[in-house]
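Subject: Structure for your review

Hello,

Here is the structure I said I would pass on. Please look it over when you have time; my notes are below it.

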Amino acid sequence: MRKFLIAGNWKMNLTGAESARLARELAAQLPSGCPAETAVIPALVHLQAVRREIADTPIKLGAQNVCWEKKGAFTGEVSAAMLKEIGVAFVLVGHSERRHIIGETDPLLNKKTRAVIDEGLTVILCVGERLEERQGNQTMAVIGRQINASLAGVAPQAVAKEQVVIAYEPVWAIGTGLTATPRQAQEVHAFIRARLGELYGPEAAETIRIQYGGSVKKANAGELLTQPDIDGLLVGGASLAADEFIGIVQAARTAGTDRAVAIG
Ligand code: PGA
């Protein structure tokens, strides 16, 4: 059974001191024995400080960005090996802010995805349609294209080693307060799993976790997680407050128990 992954993407919102404080609060208060996996994704420059706070807890560390190259003259970049060295487990690739504000393209995102996997880390590959694409009935075409392009050349072994997580984040739902309804999200998640099945076989596709992201908060987390193909949440704004993030993890605990009962 797929284990929920609840990850907090702190973006460029917190100072080092604030990041350490939030990490300390989470380390102290996150429910133990929770069936969901949790991760925090601070700014690159705060990874070390956050790592110190979550050492000896089950909370994992994620990075918001990575270089597509292994090493060399790439001023300002950080390699996957460097991230691994300081304890990073997950790396976000393809977040809509990087696609649409920074201008990262599918071929570049494919190189980043492969760089993360080659280093033995797990990629959280973000995909999602813009509002005009949804309104123009282009959602599945856009998502399908992003999945195929980003995963080109990614071997089945990487999937078998659970190095691939997908995050479906409709661009219109990020930071806007608009959440996809559980039904809208489930529809796209099922499409993504079917596409992963075409790439890796249906059995392997069943093992890949697909997170939902976009205005998730504790009030809507539980409902989203009751959907059969939603395997976790990528949380932005609501992950900046310890009580909200903990509430989301608690919702995952309840939904996880329900899911186990439903399946088991
Ligand atoms: P949000 O961001 O929860 O603030 O909408 C989600 C994300 O960008 O991952």
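The notes cover the ligand site, one strand and its partners, and an aromatic pair. Please keep in mind that this is a predicted model.

Ligand site

There are 14 residues around the ligand, and those that come nearest are Lys11, His95, Glu169, Gly175 and Ser215. Sorted by class, this shell holds five nonpolar, seven polar and two charged residues.

Three of the contacts to ligand oxygen atoms are worth listing:

- His95 contributes through its side chain, where an N or O atom is 2.6 Å from an oxygen atom of the ligand.
- Gly175 contributes through its backbone, with an N or O atom 2.6 Å from a ligand oxygen.
- Gly236 also uses a backbone N or O atom, here at 2.9 Å from an oxygen atom of the ligand.

As for cover, the ligand taken alone exposes 280 Å², and the protein buries 95% of that.

Strand S6 and its neighbours

How many of the five residues of strand S6 are buried? Five of the five are, so this strand, residues 164–168, is largely enclosed by the rest of the structure. The cut-off behind this is a relative accessible area under 20%. The cover applies to both faces of S6: Val164, Ile166 and Tyr168 are buried on one side, and Val165 and Ala167 are buried on the other.

S6 pairs with strand S5, residues 122–127, in the parallel sense over five bridges. In that pairing, Val123 stands opposite Val164 of S6. S6 is also joined to strand S7, residues 209–213, by four bridges, and these two strands run parallel as well. There, Ile166 of S6 has Ile210 of S7 opposite it. Val164 and Ile166, the S6 residues named in these two pairings, both belong to the face that also carries Tyr168.

Aromatic pairs

The count of aromatic pairs comes to two. One of them is formed by Trp68 and Phe74, with 6.0 Å centre to centre and 70 degrees between the planes, an edge-to-face arrangement. Are these two rings' residues buried, exposed or partly exposed? Trp68 has 26% relative accessibility and therefore counts as partly exposed. Phe74, at 31%, counts as partly exposed too. The range for that label runs from the 20% limit for buried to the 50% limit for exposed.

For a first look, I would suggest opening the ligand site and then S6.

Regards

Methods:
Residues numbered from 1 in each chain as written. Predicted model: local features only at pLDDT ≥ 70, side-chain atom pairs only at ≥ 80, totals over all residues. Heavy atoms only, no water. Near = heavy atom within 4 Å. Polar contact = N/O pair within 3.5 Å; in protein donor to acceptor, adjacent residues only side chain to side chain. Areas by Shrake-Rupley, 256 points an atom, 1.4 Å probe, with all protein chains shown as cover. Nonpolar A, V, L, I, M, F, W, Y, C, P; charged D, E, K, R; others polar. Buried < 20%, exposed > 50% of the residue type's maximum accessible area, 1.4 Å probe, protein only. Pairing = 2+ DSSP bridges. Phe/Tyr/Trp six-rings, centres within 6.5 Å; stacked < 30°, edge-to-face > 60°.
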